[in-house]
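Opened the notebook to go over one structure today. I wanted a look at the DNA contacts and at some helix packing.

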Protein chains: 2
Amino acid sequence: MNIVQTVRERLPDLSKNEYKVAQVVLNDPEAIIHTSTATLAQTAAVSEPTINRFCRRIGCKGFPDFKLQLAQQLAKGTSYVNSQINDDDSVADVTDKIFAATQSALATAREKIDRDAVEATINCLVEARKISFFGYGASASVAHDAQNKFARFTTPAIYSDDHLVQKVAAINSLPGDVVLCFSHTGRTKMLCEIAQLAHENGATVIGITAKDSPLAKFCHIVVSTEVPEDTDHYMPMASRIAQMVLIDAIVAGFALAHGDDMKQRLARVKAGLKDSRYPANPSNNK
Amino acid sequence: MNIVQTVRERLPDLSKNEYKVAQVVLNDPEAIIHTSTATLAQTAAVSEPTINRFCRRIGCKGFPDFKLQLAQQLAKGTSYVNSQINDDDSVADVTDKIFAATQSALATAREKIDRDAVEATINCLVEARKISFFGYGASASVAHDAQNKFARFTTPAIYSDDHLVQKVAAINSLPGDVVLCFSHTGRTKMLCEIAQLAHENGATVIGITAKDSPLAKFCHIVVSTEVPEDTDHYMPMASRIAQMVLIDAIVAGFALAHGDDMKQRLARVKAGLKDSRYPANPSNNK
DNA sequence: ATACGATTTGTAATTTAATTACATTAATGT
DNA sequence: ACATTAATGTAATTAAATTACAAATCGTAT
């Protein structure tokens, strides 16, 4: 998948001259993209066929294929991915790595997303009498964010980070109500409890969570965001970003399903918020 | 910048046969990547030099250059970007467009980020006696999320969405306290008020916001996330995601600045949370 | 040590791809 | 309708990548 990473990994398998080529490649992958076998051979001080052999050994069809993969990798900005953050990294390094990891996570999530589940979720939400958003820890801000988005529409949207308030809301669920639960692992006990209560009381329970998790058992619909391993293992980073973008997509689909009517409403909401902002025109703010 | 978009825009400038080529390209950009002039010429039913001329007119150096740009574009997933969401888009289309827009926003943010400001922010936070996170609307969840992250460390981290609570916190700021304000536009009146109060009381005010905005005036440090225009103009989407990733980077830098000691603490926090989760091993959760 | 085999590497030839030069055709305006 | 310009294709040229094969290097066993 990740060509730069692959080159790095296969480094020990390479012969002396192939190794030289690898060094040149790793030293400045960007440059390779606009290079021919001839010039690369020259910079690495090897012969042209060695370049070709190098590409083959790495697992590419040939040099053009290698260049292409490299180009795509770099465009994705994922050349850094999987390279763990080190203690001696500069701030710039860390920033770059975090961004890279997130970008790659989004790319994966985008590919792996279950479009049917997303569609089903939107349909549910459009029909919903009331929507509640629940999540704990890092997922709490995702739930918060989701509520924020949906508050712009007319369907009542609930969010609270108080477990008792959530419990009450879950118990008071009726058929036609939708409960959206956020959890990366799907193993948060309190959230499972909420989901179960809501389920038992007839609400439609939707989980933005891992497939086959304990939480998934209480969900009518599961939208899983299959995000590769987080860079930082101590707190979820990329996964919750993916969840948020997923919610953005769901919100957009929701708004679309409501058609023109909704557009006008959004415009009205925006106009209504105008007074709480300073005007955009720079001449107006002293 | 965006090759697919460029092709679409230049469509009227093209000659009859070049247009045919453009059609083939737009119809399946993916396919082009693994194609030669010869085969593309055949599918478009034109001659080989026409392919070359097409590439030149679009602004590329030649066919290989065109292929490369296309490959990078598609890898970035930004081929859709700038293509507004239409009323007749399917759920899959909308999802794809939202993801694409976010991915492209992240890529831009990553490039444009002010690394010095990020570094300065991290240094401030490391020295901070207390950190408060404030934001309204969509930025509220960003502030919430940030607080969540920093709560894992030992520096007191405050978040509230209650304006009065925020005001009190701002007024009670002392030198050595850091106040982090989130706002995409930097024109939210209430937030400016908070920032001003905090500033007057001697806190270090950091704004994750637009440069030269009213809010920026009250900030000691401004980290701007220059994100291109949001796809959906009715609510900020990509911009707040960029802010969150930026916070991730800052948190990572913060943790790193604290060194080993912090790693152990994070591990301990994680262990402490264990009881609130079901075990990961599937055999355990019947 | 040295001779054998295997592996690596380079030279030269071949194939394939891309571009250029030029001729032909089509289109447009007078 | 004719002249002029633009568009297109054919054939030639150039450039790039790959293959085939020979030379060199390296390790190993005698």
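My entries on the DNA side come first, then those on a helix pair.

Entry 1. I kept in mind that this is a predicted model.

Entry 2. Which residues are closest to DNA strand D? I found A:Thr37, A:Asn52, A:Arg56, B:Ser15 and B:Asn17, out of 18 residues that surround the strand. I sorted the residues of that surface by class and got 5 nonpolar, 8 polar and 5 charged.

Entry 3. I checked which part of the strand meets the protein: sugar and phosphate make up 78% of the atoms of DNA strand D that come within 4 Å of the protein.

Entry 4. I looked up some phosphate contacts of DNA strand D. A:Thr37 has a polar backbone atom 2.7 Å from a phosphate oxygen. A:Arg56 uses a polar side-chain atom, also at 2.7 Å from a phosphate oxygen. For B:Ser47, a polar backbone atom is 2.9 Å from a phosphate oxygen.

Entry 5. I asked which helices supply this surface. At least two residues each come from α5 and α6 of chain A and from α2 and α5 of chain B. The most comes from α5(B), with 4 residues.

Entry 6. I moved on to α10 (residues 163-171) and α11 (residues 189-200) of chain B, whose axes are 7 Å apart at an angle of about 20°. Angles under 35 degrees count as roughly parallel, so α10(B) is roughly parallel to α11(B). The crossing is right-handed.

Entry 7. I listed who touches whom: the α10(B) side includes B:His163 and B:Ile171, and the α11(B) side includes B:Met190 and B:Leu197. By class, this contact has 6 nonpolar, 2 polar and 2 charged residues.

Technical notes: Residues numbered from 1 in each chain as written. Chains lettered and ligands numbered in written order. Predicted model: local features only at pLDDT ≥ 70, side-chain atom pairs only at ≥ 80, totals over all residues. Heavy atoms only, no water. Axes fitted to C-alpha atoms, helices over the stretch in contact; angles between N-to-C directions. Parallel < 35°, antiparallel > 145°, perpendicular 65-115°, else oblique. Left-handed = near helix turned anticlockwise from the far one by under 90°. Contact = heavy atoms within 4.5 Å. Nonpolar A, V, L, I, M, F, W, Y, C, P; charged D, E, K, R; others polar. Near = heavy atom within 4 Å. Polar contact = N/O pair within 3.5 Å; in protein donor to acceptor, adjacent residues only side chain to side chain.
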